[in-house]
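Visitor: I am new to this structure and should like to understand the terms applied to it. Would you explain them one at a time?

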Amino acid sequence: MIRLSKVFSDFMVIQRDSDLNVIWGYTDQGKNVRVGLLNSDLGEEAFSSTAFGGVDGYFEVGLPVFPAGGNFTLTISDDDEEIKFTNITFGDVFVCGGQSNMELPLNRTLERYEEEITSTYNENIRFFRVPEKFNFHHTEELIESGSWKIARMPEILDFGAVAYFAAKEISEREGVTVGIINTAIGGTPVKSWCSEETMKAVGLHVDEYKECGNDEWVQNTIKTEAEADLQWRSDADAAFEKDLSGNQSGTFSVPGFFEGTPLGGKCLAVYFRKEFILPAGWTEEDCKLYLGAIIDSDKVYVNGEFVGETGYLYPPRIYKVPKGILKEGKNVVEIRLLVFRGEGGFMPGKEYLIKRPDGETVSLEGDWEYTVAKEMPYIPNMTFYSYKATGVYNCMIYPLRRQRCRGFFFYQGESNVDDYATYKDEFEAVIKDWRKLWNDDTLPYMFVQIAGFSDGNRKAYFGRRSFFTEEQRKCTELPNTAMIQAYDLGEFNDLHPTNKKEVGRRAALAAEALVYGKGTYIPGPEKQEVIWGEDGAEIVFSEDTKLSLSHGIGVITDEKRDEKNIRGFAYISEGQRYPAEAEFLADNRILVRLPKDVNVEAVSYAWCDSPLESNLYSEDKLPVVPFLEERA
């Protein structure tokens, strides 16, 4: 019986111009396996060879060098069976890893790119998603499920958005089919993606790995926590079915957090209700209900009809309201909201409204009636073993090592922000690990800087995120690496910003330099010098830098940025950050004005958790690199 990794499938992309491509798998010991490539367009055999199943049945056939393109049928057979894959082509393959912002599918970006996505049919962009799995005992050889997909509806909706837009840009620039192998899992810290050997060498998380090797303990924990979570939700749901008269009630202004209100600091099953009036003409079309982001879980009803639910904080609440549910005059939205850990609310800055297809809206902001169905016990976060050290590396990275590729894209870090002190060591270990696994220490490794985010607080804390991204930047000290800036593409109230097209464009620029050798990659203008003077601090960039404000750049954000004045600079005094005014002295020189009666300890640019007001860019639409410069 022939056993193959599922990375072999219809529509597979094999790396072009490589003499290291292999067709491999397992058969019965001692059997001969025949491998053939048929040029489907010409009806001619392009390649054939035979391999022998060794002691463990492993076989491997090396392919000759093929240029980009072609439409091939791959046949693998022995005396007992034949496996055939069609629509195989040669192109450039990239392995994409990380956590949720790399995993986030195009389906989550439809509000921004719906027409572009849904009208796409492009066989030059192909995608393979590695299924989530962990193993704390040993590495695995085979990817056991999954298949290659081409960019078309509806399959395209599951493509990782960053990977798709990077692939699209690269394909158009290079005139080549791009295959993406996406091996990302939301929430994973960087330790999940390194080998046991490297983890031990770095000296971090070793005890955690050993603990996870206890299968009985792991499975019991998963089972116990799942049962507790299910029971908690069941108890909460049951509370909504009881008589709520006499329970705590009142009004709450949406949007907003529960903190500082009678609902604050509690775990709850709480019922919300809002009446709204619709004019004539809303009843004969499908509409959309926008409820921002709700903390934590919701089930939503319109005029008594269930329209949707979301089980956790992050996804945007956009629910279809089928025609016939709405009516002229008074309508009612009801939410059954669950708060898991005492920090509930409706995320500020999001849309709370109902919308017709023609764009007409009715706001749902303002006072909502609420009634507490039940105060619930605190429910701790479940243990996600995919987040533990090395487990997913063994099942989701190691089995890919024989698939030749042009490089790696990685978008990860949100789960390591609080551990930035060790991030450089850990992430550099991952980079070296992957290159060692592919037996090529020159493979380009391109990673995305985490985007701006401040938990829904517009003031944007001065702290951890900037120090973390600086540790990310330091990892470019390794050769053939690039950090793709994205701090300006974030959203203060969403850990998963949807402007993935610009992230993909910048990722393609990194590939243009590191992979295709077209120039030197520049992540954005970097300050060369800070000259302290009586009028302030002069920030000097390289002589060939031409800075301009965002209004001439076309970068899309969800913040309205100042189009007339330089924003993003600050000075630090007694550990506090204060905004600073700035002006151009030249295209590459900026004067940051500082108060003369204050002890200024440092000057910074875009150095905060959510620096979305920062508005300085290069001519090629890349943001100035954040910095913190201490005064001598």
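Guide: Let us begin with a term for accessibility: a residue is buried when its relative accessible area is under 20%, exposed when it is over 50%, and partly exposed in between. Please keep in mind that this is a predicted model.

Visitor: Why is Arg356 called buried?

Guide: The relative accessible area of Arg356 is 13%. Buried means under 20%, so Arg356 is called buried.

Visitor: What makes Asp358 exposed?

Guide: Asp358 has a relative accessible area of 52%. The term exposed requires a value over 50%, and therefore Asp358 counts as exposed.

Visitor: Why is Glu360 counted as partly exposed?

Guide: Its relative accessibility is 33%. Partly exposed covers the range between 20% and 50%, so Glu360 belongs there.

Visitor: How do you know that Asp358 forms a salt bridge with Arg356?

Guide: The closest N and O atoms of Asp358 and Arg356 are 2.5 Å apart. A salt bridge requires a side-chain nitrogen of Lys or Arg within 4 Å of a carboxyl oxygen of Asp or Glu, so the pair qualifies. Glu360 also forms a salt bridge with Arg356, at 3.4 Å.

Visitor: What makes the pair of Asp237 and Lys299 a salt bridge, and where in the chain do the two residues lie?

Guide: Their closest N and O atoms are 3.2 Å apart, and the cut-off is 4 Å; the pair therefore counts as a salt bridge. It links distant parts of the chain, with Asp237 in helix α6 and Lys299 in strand β16, 62 residues apart. Asp237, at 25% relative accessible area, is partly exposed, and so is Lys299, at 26%. The structure holds 52 salt bridges.

Visitor: Why are β18 and β22 called edge strands?

Guide: Four strands form an open sheet in the order β18-β14-β21-β22, with antiparallel pairing. Strands β18 (318–321) and β22 (361–363) each pair on one side only.

Visitor: How do you know that β14 and β18 pair?

Guide: Two strands pair if there are at least two bridges between them. Strands β14 and β18 have four bridges, so they meet the requirement. In one of these contacts, Lys288 has Lys320 in β18 as its bridge partner.

Visitor: Which class of residue is represented by 15 members in the lining of the second largest pocket?

Guide: The charged class has 15 residues there, alongside nine nonpolar and eight polar ones. The volume of this pocket is about 860 Å³.

Note on methods:
Residues numbered from 1 in each chain as written. Predicted model: local features only at pLDDT ≥ 70, side-chain atom pairs only at ≥ 80, totals over all residues. Heavy atoms only, no water. 1 Å grid on protein atoms, 1.4 Å probe; cavity = no way out; pocket = protein on both sides within 12 Å on 5 of 7 lines; lining within 4 Å. Points joined across faces, edges and corners; volume = space filled by probe spheres on them. Nonpolar A, V, L, I, M, F, W, Y, C, P; charged D, E, K, R; others polar. Buried < 20%, exposed > 50% of the residue type's maximum accessible area, 1.4 Å probe, protein only.
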